[in-house]
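Colleague: Thanks for sitting down with me. Could you walk me through the reasoning behind the labels you use?
Modeller: Gladly, let's take them one at a time.

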Amino acid sequence: MKNKGKYYITTAIAYTSGKPHIGNCYEIVLADSIARYKRKDGYDVHFLTGSDEHGQKIETRAIEDGCATPKEFVDKTSDVIKGLWNLLDTSYDRFIRTTDEDHETQIKKIFKKLYDQGDIYKGAYEGMYCTECEAFYTNSQLVDGKCPECHGDVHPAKEEAYFFKMSKYADRLMKHIEEHPEFIQPVARKNEMINNFLKPGLQDLCVSRTSFKWGIPVDFDPKHVVYVWLDALCNYITGIGYDADGNHGDLYKKYWPADLHLVGKDIIRFHTIYWPIFLMALGEPLPKQIFGHPWLLQGGEKMSKSKGNVLYADDLVSVYGVDAVRYFVLHEMPFDNDGVITWELMTDRFNSDLANTLGNLVQRTISMTNKYFDGVVENGGVKEAVDDDLISVVTGTYDKVEAKMADLKVADSITLIFDLFKRCNKYIDETEPWKLAKDEALLGRLKTVLYNLTEAITIGATLLDAFMPNTAEKIFKELNTTARDFEKLGEFGLYPSGTKVAEQPEMLFARMDQKEVAVKAAEIVSKQKAEYIEHQTKAAENLRAAGRTEDAAKIEAAVAAISGNAAEGSSESTEKFEQAEQVTYDDFAKLQFKVGKIIDCKEVPKSKKLLCSQVQIGDKTVQILSGIKAFYKAEEMVGKKVMVVANLKPAKIAGMESQGMLLCAESSDGKVVLMTPEKDMPSGSTIC
Ligand code: MSP
């Protein structure tokens, strides 16, 4: 194989704030398929990924998790991340952690170098700070008083801080972007960066923090820690042996600059503006390309634990297997629009593409070879015109895939490979081997047909290898062959005639039943919900114990919302949770429903959603918190007869006790109304 030179590919490093969802996993699978493809294509590939472990958000998560130190927490979560990357068979060369010693040493040196040369200076920062995004914003950047990125709460903050002189390099960066149209991909993102950030003028960037401790200290001024994005972005060079004093390791000398930084569209600004400018200041060459991939959305919505709509790779793998998950995320993601994932869509794709198109093809070819020729594939040398189109599609696929991969159009590449398999299925219909088998005189032709199919599948599986490595491996094993050299994919007829295929081919993908999958999915969702509530309840307790009462109250309110006590979260997710579990009559009979009368109601201080009602049930009065402030004023609640779950275990919500639940109906567009008795009934009446 001709050596086509080096290829250095990276992914964003995942936050260690929690378990990555399938969207995060999409990126590593995408990078892996590009890395695997390039290796086969003759490149000397280096593939870097890892975890982003510093910052205030992670410091807080460590408290919530009850860990003694943030390091204990990130050790745990980075193992979870690595575990998922490994489960998905990703072939990275290094998993860098920003707590790795070699990385931390270099970050301290980089900061000092930039300070000594005057690119970093000391000043003071005043603005609105978003902990979730670890970023300061001016008031004018806020959207409805909220963070413009994550739409979460921001708080005023003032800090002595170090700043980086961004404006010094802005013109150079603009020139670079204009002269290198391939630098930012897709092109729409490039225009966004130029128009929204570079043209309005770059502000100097605050690159240190004093308001929390969990970061890499500025070693000449240790009350400051290095801004997480400066720390994290530099992983791309520290991870291959960059040295701020110039004594670079061999990997750095060989692989830098990166050929491709693969990142999500949300963090393209950090990679196409801050990162190149840091590199210019360090005097290092810029990466060749930054690709801001779209997002994978669950049923069209952003995944969020509180909505209960998060999909995790390990759950999906437990139902469909690793390669099916890889196939789905790679195939369903268009080049520049968001992709959609749901259990239903996955099952559909599984059945149509994997079980029908690919699985059946391999199964039928091997079974017929066993049935008619005791498993021996032989080229009968009896050609017919119908073979020409098959051969031309099969031998033309590599060039087409190559062109798509050069443009990072991975979904299109997989489609081309499946077009090859579909063409093979059509060839079976055209040649009707079962009819040929009936006539002794046509056995030579039958041999040729089965040979052509085996050869075509071998070529297809060679191309499939980068995207679905386990499946390709199984196919090679069953066909008793190995992957073909990419340079030979334009030739047809290299499968050694006389080879014997497997006697009992393993079914690659057995069709799945939508209903059975739905039941499994419901179990997973229900388990996830229970675990999430348990985790968050514990998190609130831990935050309270650490004196973070406001943060604890927020979590408690969120827990109340998804526990069904509030009109929060989309109706779709509520439905999902409802579907999640079937109950028996005995389960149902455990609940006590009563008619109650609201005798007093107040807004809960500092809560945007909660009302606190005093509800008379017979001769008893209980306090109930409900997330219905958006739909009812406190005063209009008083006097209403309502339906109450009366024997719910009391729970703390926003620091107050709630001793039951008011039943409400929620429409699909999120409107909420209280359930009331159809005719007046005395309070305390049993609802049965
Ligand atoms: N730690 C930063 C990256 C620092 S890189 C120097 C970060 N981490 S993340 O865990 O939030 O995201 C990791 C990657 O997953 C990012 O590229 C992000 O854009 C991507 N995605 C997050 N949600 C996603 C989807 N729903 N779909 C596809 N990719 C998604 O950002």
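Modeller: A residue counts as near a molecule if one of its heavy atoms lies within 4 Å of it. This is a predicted model, and here 22 residues surround the ligand. The closest are Ile13, Glu27, Asp52, Gly264 and Asp266.

Colleague: What makes the pair between asparagine 24 and the ligand a polar contact?
Modeller: A polar contact needs N or O atoms within 3.5 Å. A polar side-chain atom of asparagine 24 lies 3.1 Å from a ligand oxygen, so the pair qualifies.

Colleague: And which backbone atoms make such pairs with the ligand?
Modeller: For glycine 264, a backbone N or O atom lies 2.8 Å from an oxygen atom of the ligand. For leucine 296, a polar backbone atom is 2.9 Å from a nitrogen atom of the ligand. Both distances are within 3.5 Å, so these are polar contacts too.

Colleague: How much of the ligand does the protein bury?
Modeller: Taken alone, the ligand exposes 660 Å², and 93% of that is buried by the protein.

Colleague: Which elements give two or more residues to the shell around the ligand?
Modeller: Those are β2 (14–15), α1 (22–40), α7 (228–233) and β12 (260–264). By class, the shell holds 13 nonpolar, six polar and three charged residues.

Colleague: Now the helices. Why is α5 called roughly antiparallel to α6?
Modeller: The axes of α5 (residues 167–179) and α6 (residues 187–198) come within 11 Å and cross at roughly 160 degrees. Angles over 145 degrees count as roughly antiparallel, so α5 and α6 earn that name. Their crossing is left-handed.

Colleague: How do you know that α17 is roughly antiparallel to α18?
Modeller: By the cut-off of 145 degrees again. The axes of α17 (residues 443–464) and α18 (residues 469–478) come within 8 Å and cross at roughly 155 degrees. That angle is over the cut-off, so α17 is roughly antiparallel to α18. The crossing of α17 and α18 is left-handed.

Colleague: Why is α1 called oblique to α14?
Modeller: α1 packs against α14 (residues 385–406) at an angle of about 130 degrees, with the axes 12 Å apart. Roughly perpendicular stops at 115 and roughly antiparallel starts over 145, so α1 is oblique to α14. Here too the crossing is left-handed.

Colleague: Where are the cis peptide bonds you marked?
Modeller: One runs from glutamine 185 to proline 186, with omega near -15 degrees. Proline 186 sits in the loop between β8 (184–185) and α6. Another joins tryptophan 256 and proline 257, where omega is about 5 degrees. Proline 257 belongs to the loop between α9 (250–255) and β12.

Colleague: What makes the phi of aspartate 374 worth a mark?
Modeller: Phi of aspartate 374 is near 50 degrees, a positive value in a residue other than glycine. Most residues other than glycine have a negative phi. Aspartate 374 lies in the loop between α13 (343–373) and β16 (376–377).

Note on methods:
Residues numbered from 1 in each chain as written. Predicted model: local features only at pLDDT ≥ 70, side-chain atom pairs only at ≥ 80, totals over all residues. Heavy atoms only, no water. Polar contact = N/O pair within 3.5 Å; in protein donor to acceptor, adjacent residues only side chain to side chain. Areas by Shrake-Rupley, 256 points an atom, 1.4 Å probe, with all protein chains shown as cover. Helix = DSSP H or I, 4+ residues; strand = E, 2+ residues; numbered from the N terminus. Nonpolar A, V, L, I, M, F, W, Y, C, P; charged D, E, K, R; others polar. Axes fitted to C-alpha atoms, helices over the stretch in contact; angles between N-to-C directions. Parallel < 35°, antiparallel > 145°, perpendicular 65-115°, else oblique. Left-handed = near helix turned anticlockwise from the far one by under 90°.
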